[in-house]
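User: Please take a close look at a single strand of this protein, and explain which of its residues are covered and which are not. I should then be grateful for a connected account of other parts of the structure, written for a first-year student.

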Amino acid sequence: MIDKLTEENPPRTVRFWWSNDHYHIIFYGRSALLKSLYYFPYVQILVITAFIMLGFIAFRSSKHDEQNRVWIGLAKETAHQLGTPTSSLLGWIEYLRSQNVDQGAVEEMNKDLTHLMKIVDRFSKIGSETPLTPANINEIVGESVMYFRKRIPRNVTLDYNGLAIAPVQANINAALFEWVVENLMKNSLDALQGHGSINVHISSDDKNVMIDVKDTGKGIPKGNWKRIFEPGFTTKTRGWGLGLSLSRRIVEDYHQGKIAVIESEIGKGTTIRITLKRIFEG
């Protein structure tokens, strides 16, 4: 015990006033109170740091929620504002059908208007509960591919294997999922800069269905494979960098799936894969 106390504090010598030959040597250690006081500043620092971190997290969360509310409100207001002109355009399409004009052109205009109405429906769904229903992935992706195929440059080819393989199903919201597929194809088209190929490929295993969108464009540096899905990140001179960010939110938050760059090489192209949980018909 004396050795232990000596390690903690040097012993004190107390001499008696009547004789220097008579003295006491006092060995002492730290009391429980002293030990508590010794650690108290560190505890205070930890508590203050924790409060600062919690405050910062709460502030960021509130700002993030506020931004989300702004974007949701903007999306719903956009859908509301587009409702009137699309309804008017429907009437004009019906009028043109009764006139002596090229009905083939009228039908293509009607397809574009139908697509515009889908976009309005997608904007109206942002921030709302999105029910998922079993759907044939081959057909849903195929509709987007067929619409897109007639609206790409002549020097770009768009291939799709989904209509030639056995149907696969997954729980999706068709309007939102088509939005994701179209975003990926538009990004591929931008990367091609007017010439090259896009290949939309569906595959599956016992658990998942995979939709790959592959292009022969300029490619993405490996350091940006994850960053391209962050809000605001873009390599284009024009654009807000929201398309792939929204795509990731739709796939991961709404559909509990995954979206990622699985392959890319500068000057040779990029492959982005969507993975969804597969379901089987009962």
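Analyst: Strand β4, which comprises residues 156-160, has two faces in this predicted model. Val156, Leu158 and Tyr160 form its covered face, while Thr157 and Asp159 belong to the uncovered one. Along its length, β4 pairs with strand β6, residues 196-204, in the parallel sense. Five bridges make up this pairing. Val156, a residue of the covered face of β4, has Gly196 of β6 as its bridge partner.

A contrasting arrangement is found in strands β1 (residues 12-16) and β2 (residues 19-26), which run antiparallel and are joined by five bridges. Here the bridge partner of Val14 is His24 in β2. The connection from β1 to β2 is a hairpin through two residues.

The loop that leads from α5 to β6, the partner strand of β4, contains Gln193. The phi angle of Gln193 is near 55°, which is a positive value in a residue other than glycine. Gln193 counts as exposed because its relative accessibility is 60%, and the cut-off for that term is over 50%. Gln256 can be described in similar terms. Its place is the loop between α6 (243-254) and β8 (258-265), and its phi is near 50°, again positive in a residue other than glycine. With a relative accessible area of 57%, Gln256 is therefore exposed.

Asn173 also occupies a loop, the one between β5 (169-172) and α5 (174-192). Is Asn173 buried or exposed? The relative accessibility of Asn173 is 6%, so this residue counts as buried; the term applies under 20%. Asn173 and Thr130 stand 43 residues apart in sequence, and their C-alpha atoms are 6.7 Å apart in space.

The account now turns to the helices. Helix α4 covers residues 137-149. Because each residue adds 1.5 Å, its 13 residues should span 18 Å, and the end C-alpha atoms are indeed 18 Å apart. The buried residues in α4 include Ile137, Ile140, Val141, Val145 and Phe148, and also Asn138, Gly142, Ser144 and Tyr147. At the N-terminal end of α4, Asn136 acts as a cap: one of its side-chain oxygens lies 2.9 Å from the backbone nitrogen of Asn138.

Helix α3 can be examined in the same manner. It runs over residues 103-125, and its 23 residues reach 33 Å from the first C-alpha to the last, close to the 33 Å expected. Its N-terminal end is capped by Asp102, with a side-chain oxygen 3.0 Å from the backbone nitrogen of Gly104. Buried in α3 are Val106, Asn110, Leu113, His115, Val120 and Arg122.

Charged side chains form a further theme. Side chains of opposite charge can pair when their charged atoms come close. Within α3, Glu108 forms a salt bridge with Lys111, and the closest N and O atoms are 3.4 Å apart. Glu108 and Lys111 are separated by about one helical turn, because they are three residues apart in α3. Glu108 counts as partly exposed because its relative accessibility is 26%; Lys111 is partly exposed as well, at 36%. These two residues belong to a network of salt bridges that also links Asp112, Lys150 and Arg151.

A salt bridge is likewise present in helix α2, where Glu94 and Arg97 lie three residues apart, about one turn of the helix. Their side chains meet at 2.7 Å, N to O. Glu94 is partly exposed, with a relative accessible area of 46%, and Arg97 is also partly exposed, at 32%. Another salt bridge joins the side chains of Glu265 and Lys268, at 3.5 Å, N to O. Here Glu265 is partly exposed, with a relative accessible area of 42%, whereas Lys268 is exposed, at 57%. The count of salt bridges comes to eight.

Helix α2, residues 32-97, also contains Tyr39. Since its relative accessibility is 52%, Tyr39 counts as exposed. Together with Tyr38, Tyr42, Val43, Val47 and Phe51, Tyr39 makes a nonpolar surface patch of about 670 Å².

Notes
Residues numbered from 1 in each chain as written. Predicted model: local features only at pLDDT ≥ 70, side-chain atom pairs only at ≥ 80, totals over all residues. Heavy atoms only, no water. Patch = residues over 30% accessible without salt bridge, like charges linked within 9 Å, V, L, I, M, F, W, Y side chains within 5 Å. Areas by Shrake-Rupley, 256 points an atom, 1.4 Å probe, with all protein chains shown as cover. Salt bridge = Lys/Arg side-chain N within 4 Å of Asp/Glu carboxyl O. Helix = DSSP H or I, 4+ residues; strand = E, 2+ residues; numbered from the N terminus. Buried < 20%, exposed > 50% of the residue type's maximum accessible area, 1.4 Å probe, protein only. Pairing = 2+ DSSP bridges. Expected span 1.5 Å × (residues − 1). Polar contact = N/O pair within 3.5 Å; in protein donor to acceptor, adjacent residues only side chain to side chain.
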